[in-house]
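Me: Let's go through the salt bridges here. Keep it brisk.

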Amino acid sequence: MTNILDKNIQNALFNYILGLGDDRLILGHRLSEWCGHAHILEEDIALGNIGLDLIGQASAYLSLAAEVENKNRTEDDLAYFRNEYEFKNFQLVEQPNIDFAYTIVRQFFFDVYEGIFLEELAKSKFEQMAGIAKKSIKENIYHTRHSRNWILRLGDGTEESHVKTQTAINDLWKFTGEIFSENENDNILINENFAPDLKPLKSKWNEIIKSVLNEATLEMPENIGFSSGSRSGIHTEHLGHLLAEMQIVARSFPGAKW
Amino acid sequence: MNQSEEEILRLLENVFDPEIPVLNIVEMGIVRSVNIVQNEYRIEITPTYSGCPAMHTIEKDILDLLNSHGIKNVKIKRIYSPAWTTDCFSESTKTKLKEYGIAPPVINIKEEFLKINRTCPFCDSDKTKTISEFGSTSCKSLHYCDDCRQPFEYFKCI
Ligand SMILES: [Zn+2]
């Protein structure tokens, strides 16, 4: 399939799939940072499991991206040997863990997005990409149930958990605008029915977030000053630090196997 | 090619899931196809969960087993579609899981979300509680039986 694609579309697909892989790789890595640090063993295992699902999905997308690019790069080359400005993940997913409330709010924003997005991506005319999306749908159901339940417990919990969760929501809100933005690259694929049109999905996301925050006695922030640009390589200061840690071994010992 | 596709498939019934050593990878539906193409055995496998860490071991086990039978020209490809699902588990697979001490998946994920209590694989009681929705591997959750007072794992629907 990939060798009969028009050059423009091939390039757009490569960028697009790279973005999908990067979102899940970076968020999966963030969750892995909790390993051995969560407040209870069960939660440590939960965050580890969710991170593992995301890194597995990232591996599938990045292999496919490498196949589409057709320049002899592998998924590992893409994960470990690209620099910060070449990463296309949402700024939301690179935000540091800070505390459990931040981690859960970041996850909840992403999980709800992912649930809505995957249903549409699964209809893509590019079957290999649609296949990975379909595979992830049920995994996402478990992830969303986990983060949603925590939002309810933290928001409607103690005064301290409520304040911490509201603070995380207010701070992370500015990163939720770009998850539904579209660029020229996306438009090429939307026209070909390769990628879903995100515009109609935003209101659905807002509705779900609003109803859960409401149930959790939390406030929905106002929409002012969204940050953007991640799909063209613009990131917050946190990504570089994450990549330094994630890539150090592969870069110090290129080609090492164990 | 000395072995037929059917014979290779039969051989692969000797490769077991490293996490659940009572189930082989053919009955689990991890092996999707075996084809002979241009003097090569092409085997397609699919992960249970996207991040299933057992996939590397399974690939290695397949190669080791076939190599030990003198079969060298093997290519393994991971595929994701159609997605692997527990909905296709046969009754005998579910019985093996239960006898091994893992509560088998219910009919599908919708049923699972509706029926909160998992049935204890040891005493069949429904008086159980969930300890953790995520267990020792992606595919399992942790529970406790109030009747026989045993912790147990449940194979989640996916
Ligand atoms: Zn029991």
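Me: Is Lys115(B) buried, partly exposed or exposed, and what is its relative accessible area?
Reply: This is a predicted model. Partly exposed covers the range between 20% and 50%. Lys115(B) falls in that range, so it counts as partly exposed, with a relative accessible area of 35%.

Me: Which residue forms a salt bridge with Lys115(B)?
Reply: The cut-off is 4 Å from a side-chain nitrogen to a carboxyl oxygen. Here the closest N and O atoms are 3.9 Å apart, and the partner is Asp126(B).

Me: How many residues apart in sequence are the parts that this pair ties together?
Reply: Asp126(B) and Lys115(B) both lie in the loop between helix H4 (109–114) and strand E5 (128–132) of chain B. The parts tied together are therefore apart in sequence by eleven residues.

Me: Which residues does the network of salt bridges in chain A join?
Reply: Salt bridges that share partners link them into one network. Its members are Asp23(A), Arg24(A), Glu114(A) and Arg231(A).

Me: Which helix holds both Asp64(B) and Lys60(B)?
Reply: Their side chains meet in a salt bridge at 2.9 Å, N to O. The two sit four residues apart, about one turn of the helix. That helix is H2 (residues 54–68) of chain B.

Me: Is Glu160(A) buried or exposed?
Reply: Glu160(A) pairs with Lys164(A) in a salt bridge of 3.4 Å, N to O. Exposed means over 50% relative accessible area. Glu160(A) has 53% relative accessibility, so it counts as exposed.

Methods:
Residues are numbered from 1 along each chain as its sequence is written. Chains are lettered from A and ligands numbered from 1 in the order in which they are written. This is a predicted model: local features need pLDDT of at least 70, side-chain atom pairs count only at pLDDT 80 or more; totals for chains, interfaces and linings use all residues. Side-chain values use heavy atoms; hydrogens and water are left out. Buried means under 20% relative accessible area, exposed over 50%, partly exposed in between (1.4 Å probe, protein chains only).
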